[in-house]
Structures are given as C-alpha cells and as structure tokens.
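Here are my comments on the model you sent over. They are numbered so that you can reply point by point.

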Amino acid sequence: MEITPEFATEFATSWAQSWNSHDIVAILSHYSDDFTITTPMAAKLVPESNGTVSGIDAVRNYWLKGLSLIPELHFDVKDVLVGVNCLTIYYINTATGRKSAENVFFNAEGKVNKAIV
C-alpha cells in the first residue's frame, strides 16, 4: 500500500479523533486482528508483556485499562511523517504532557498491523 501525504494526514486526524473520543470501537477500527504494539506504556500497564501486546483482544484490554487510568487522555497531533507502508504520528498527550512518536505499519487492506511507540 502506498502511503501518500494526504492519506497520512487523513489517517492521523481520524486516529486522534477516535482516541480523543475514548470510543474503543472507533479506536480499534484502525487496526487488524493480528495487530501488535510495542510501547513503554505497555511495559508499565502490562508488566508481563515486556512492552509488546499482540492480538486485537489483548490490545483492547490493554487500551481499556489505559483509558480508565487516564480519563482526560487527549492527543494533540503535531506532525505526520510518511514512510514506505508506514507513517509516523508525532503527538503530545495533553493529559500527561508526554511527547510521543507512533510508527504505524499497514497491511495490504490498509489496516495497521504493527505499531512501535
């Protein structure tokens, strides 16, 4: 799948809106069933994960836990960078002030199947 600047911007906007709504169904709509995420936050919230959570059901549980712990979570997208079959969303979680870069990789169907934060 070719990632154009237009696709990247539209994806990042939709992605941030779904996170900011705290709607887990909308959030998960961006991801494949075999989605895997590697992030320091997973290491904190799911210590046995060693920072990597795999499979949409496990990710759903991890994210629901995170949303319950940070009810004021809000992502402010600062930039979107285009790669080959991937993009990077640079954002600030305004609830914590934490800056993050989320690298998302797409499958042939246009769903995110891997993210590294």
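The points below go from the whole chain to two acidic residues.

1. Overall make-up. This is a predicted model. The protein chain holds four helices and six strands, and their order along the sequence is α-α-β-α-β-α-β-β-β-β. With a radius of gyration of 13 Å, close to the 13 Å from the globule rule for 117 residues, the chain is as compact as a globular protein of that length. The C-alpha trace spans about 35 × 30 × 25 Å along its principal axes.

2. Burial and contacts. Of the 117 residues, 38% are buried. If one takes the contacts between residues at least 6 apart in sequence, 44% of them link residues at least 24 apart.

3. Strand pairing around E6. Strand E6 covers residues 112-116 and runs parallel to E1, with four bridges between the two. One pairing to look at is Ile37, whose bridge partner in E6 is Ala115. E6 also pairs with E5, here in the antiparallel sense and again over four bridges; Phe106 has Val112 as its bridge partner in E6.

4. The E5-E6 hairpin. Five residues lie between E5 and E6 in this hairpin. The turn includes Gly110, which has a positive phi of about 85°.

5. Glu102. This residue sits in strand E5, residues 98-106. Does Glu102 count as buried or exposed, and which side chain of opposite charge is nearest? Glu102 is buried and has no salt bridge; the nearest such side chain is that of Arg98, 11 Å away. Since a salt bridge requires the charged atoms to be within 4 Å, Arg98 at 11 Å does not qualify. What the Glu102 side chain does have is a polar contact of 3.0 Å with the side chain of Tyr91.

6. Surroundings of Glu102. Leaving aside residues up to four places away in sequence, Glu102 touches Trp15, Tyr31, Ile37, Leu87, Thr88, Ile89, Tyr91, Ala115, Ile116 and Val117. Two of these, Ile37 and Ala115, are the bridge partners named in point 3.

7. Asp34. The second acidic residue belongs to strand E1, residues 31-38. Asp34 is exposed, because its relative accessible area is 53% and the cut-off for exposed is over 50%. The Asp34 side chain makes a polar contact of 2.5 Å with the side chain of Ser32. Asp34 and Ser21 are 13 residues apart along the chain, and their C-alpha atoms are separated by 24 Å.

8. The two side by side. Glu102 is buried, whereas Asp34 is exposed. Each has a polar contact through its side chain: Glu102 with Tyr91, and Asp34 with Ser32.

Note on methods. Residues are numbered from 1 along each chain as its sequence is written. This is a predicted model: local features need pLDDT of at least 70, side-chain atom pairs count only at pLDDT 80 or more; totals for chains, interfaces and linings use all residues. Side-chain values use heavy atoms; hydrogens and water are left out. Buried means under 20% relative accessible area, exposed over 50%, partly exposed in between (1.4 Å probe, protein chains only). A polar contact is a pair of N or O atoms within 3.5 Å; within protein, one must be able to donate a hydrogen and the other to accept it, and residues adjacent in sequence count only if both atoms are side-chain atoms. Lys and Arg count as positive and Asp and Glu as negative; His and the chain ends are not counted. Contact means heavy atoms within 4.5 Å. Two strands pair if DSSP finds at least two bridges between them. The radius of gyration is taken over C-alpha atoms; the globule rule is 2.2 Å times the number of residues to the power 0.38.
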